[in-house]
Amino acid sequence: MKCDKRHMRLYAVTDRAWVGKRTLIQQVEEALKGGATCVQLREKELEDALFLQEAKEICALCRRHGVPFIVNDNVEAARACGADGVHVGQEDMAAGEARRRIGMDMLLGVSVHTVEEARQAVQDGADYLGLGAVFPTNTKTDAEQMPGELLGAICAAVDVPVVAIGGINRDNLLKLSGSGLDGVALVSAIFSAEDIEGTCRELRELSEKMVNL
């Protein structure tokens, strides 16, 4: 499966911190209805059986909406649920090993922080890259903020789609214009919203504008 840069426009990364009145499945469905172009399931606490069941349900949702479904750092679950791909960080499974285990038909996303890491990830088989944190974020408190010039340098150094993550919201998204990014990945800006569908509709419009400025 080839990674279409349009699938990076509004990349929703789950976080069950805001599950309450709605289930995570319901939240993801609202995000998809609002225009999310990719969904990544990121779960660190669920036991394997529950994780796999949740992954299968979200995968089915994404299929209905024609949107790629990515599993974070769990190759076995990604393959078992029929996900479109897997995403790994620098502290997770090595990109080359992940590519070997998922084969060539699934997408591989890799988080990078330097031009060198970006080039190595592409060499190891990455279909797209995640860069961040581009703004201060409460989701990953240990993440260092990436300078704007480095963001642009990484985008210019590779020929695969690039998505930014970290502290992005409706107020600062357009500050990323002109960087070479293909889209934005958001966590709290989507899943903490009261009106997830409406918020995604607004964020999708801003992301399209950012890419085209």
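User: Which elements do the buried residues of helix 1 pack against?
Analyst: Heads-up: this is a predicted model, where local features need pLDDT of at least 70, side-chain atom pairs count only at pLDDT 80 or more, and totals for chains, interfaces and linings use all residues. Residues are numbered from 1 along each chain as its sequence is written, and side-chain values use heavy atoms, with hydrogens and water left out. Helices (H or I, at least four residues) and strands (E, at least two) are DSSP runs numbered from the N terminus, and contact means heavy atoms within 4.5 Å. By that contact rule, the buried residues of helix 1 pack against strand 2 (38-41), helix 2 (48-65), helix 7 (188-191) and helix 8.

User: Which residues of helix 1 are buried?
Analyst: Buried means under 20% relative accessible area, exposed means over 50%, and partly exposed is in between (1.4 Å probe, protein chains only). With that yardstick, the buried residues of helix 1 are Leu24, Gln27, Val28, Glu30, Ala31, Leu32 and Gly34.

User: Is Gln27 buried or exposed?
Analyst: You'll find Gln27 in helix 1. Among residues over four places away in sequence, Gln27 touches Trp18, Val19, Arg22, Phe191 and Ile196. Its relative accessibility is 0%, so Gln27 counts as buried.

User: At what angle do helix 1 and helix 8 pack?
Analyst: Axes here are lines fitted to C-alpha atoms, for helices over the stretch in contact, and angles run from 0 to 180 degrees between N-to-C directions. For helix 1 (residues 24-34) and helix 8 (residues 196-212), the axes are 7 Å apart and the angle is about 40 degrees.

User: What word describes how helix 1 and helix 8 lie relative to each other?
Analyst: Angles under 35 degrees count as roughly parallel, over 145 as roughly antiparallel, 65 to 115 as roughly perpendicular and the rest as oblique. The angle for this pair is about 40 degrees. Helix 1 and helix 8 are therefore oblique.

User: How many charged residues does the contact of helix 1 with helix 8 have?
Analyst: Helix 1 brings Gln27, Glu30, Ala31, Lys33 and Gly34, while helix 8 brings Ile196, Glu197, Cys200, Arg201 and Arg204. Ala, Val, Leu, Ile, Met, Phe, Trp, Tyr, Cys and Pro count as nonpolar, Asp, Glu, Lys and Arg as charged, and the others, Gly among them, as polar. Sorted that way, three residues are nonpolar, two are polar, and the charged ones number five.

User: Is helix 5 roughly parallel or roughly antiparallel to helix 6?
Analyst: Helix 5 (residues 115-123) and helix 6 (residues 148-157) have axes 9 Å apart and an angle of about 25 degrees. That makes the two helices roughly parallel.

User: How many residues in the contact of helix 5 with helix 6 are nonpolar?
Analyst: From helix 5 come Val115, Ala118 and Arg119, and from helix 6 come Leu150, Ala153, Ile154 and Ala157. One of the residues is charged, none is polar, and the nonpolar count is six.

User: What is the average twist from one strand to the next in the barrel?
Analyst: Two strands pair if DSSP finds at least two bridges between them. Here eight strands form a closed barrel in the order 1-2-3-4-5-6-7-8, with parallel pairing. From one strand to the next, the twist averages 25 degrees.

User: Which residue of strand 8 is the bridge partner of Ala12?
Analyst: Strand 1 (residues 10-13) runs parallel to strand 8, and three bridges join them. Strand 8 covers residues 183-186. The partner of Ala12 there is Leu186.

User: Which residue in strand 2 does Val13 stand opposite?
Analyst: Strand 1 also pairs with strand 2 in the parallel sense, over three bridges. Val13 is one of the buried residues of strand 1. Opposite Val13 in strand 2 is Gln40.

User: Which residue in strand 8 does Val163 stand opposite?
Analyst: Strand 7 (residues 162-165) is joined to strand 6 by three parallel bridges, and Val163 is the bridge partner of Gly130. Three bridges also join strand 7 to strand 8, running parallel. On that side, Val163 faces Gly183.

User: How far apart are the C-alpha atoms of Ser188 and Ile168?
Analyst: Ser188 is in helix 7, and at 30% relative accessibility it counts as partly exposed. Ser188 and Ile168 are 20 residues apart along the chain, and their C-alpha atoms are separated by 8.8 Å.
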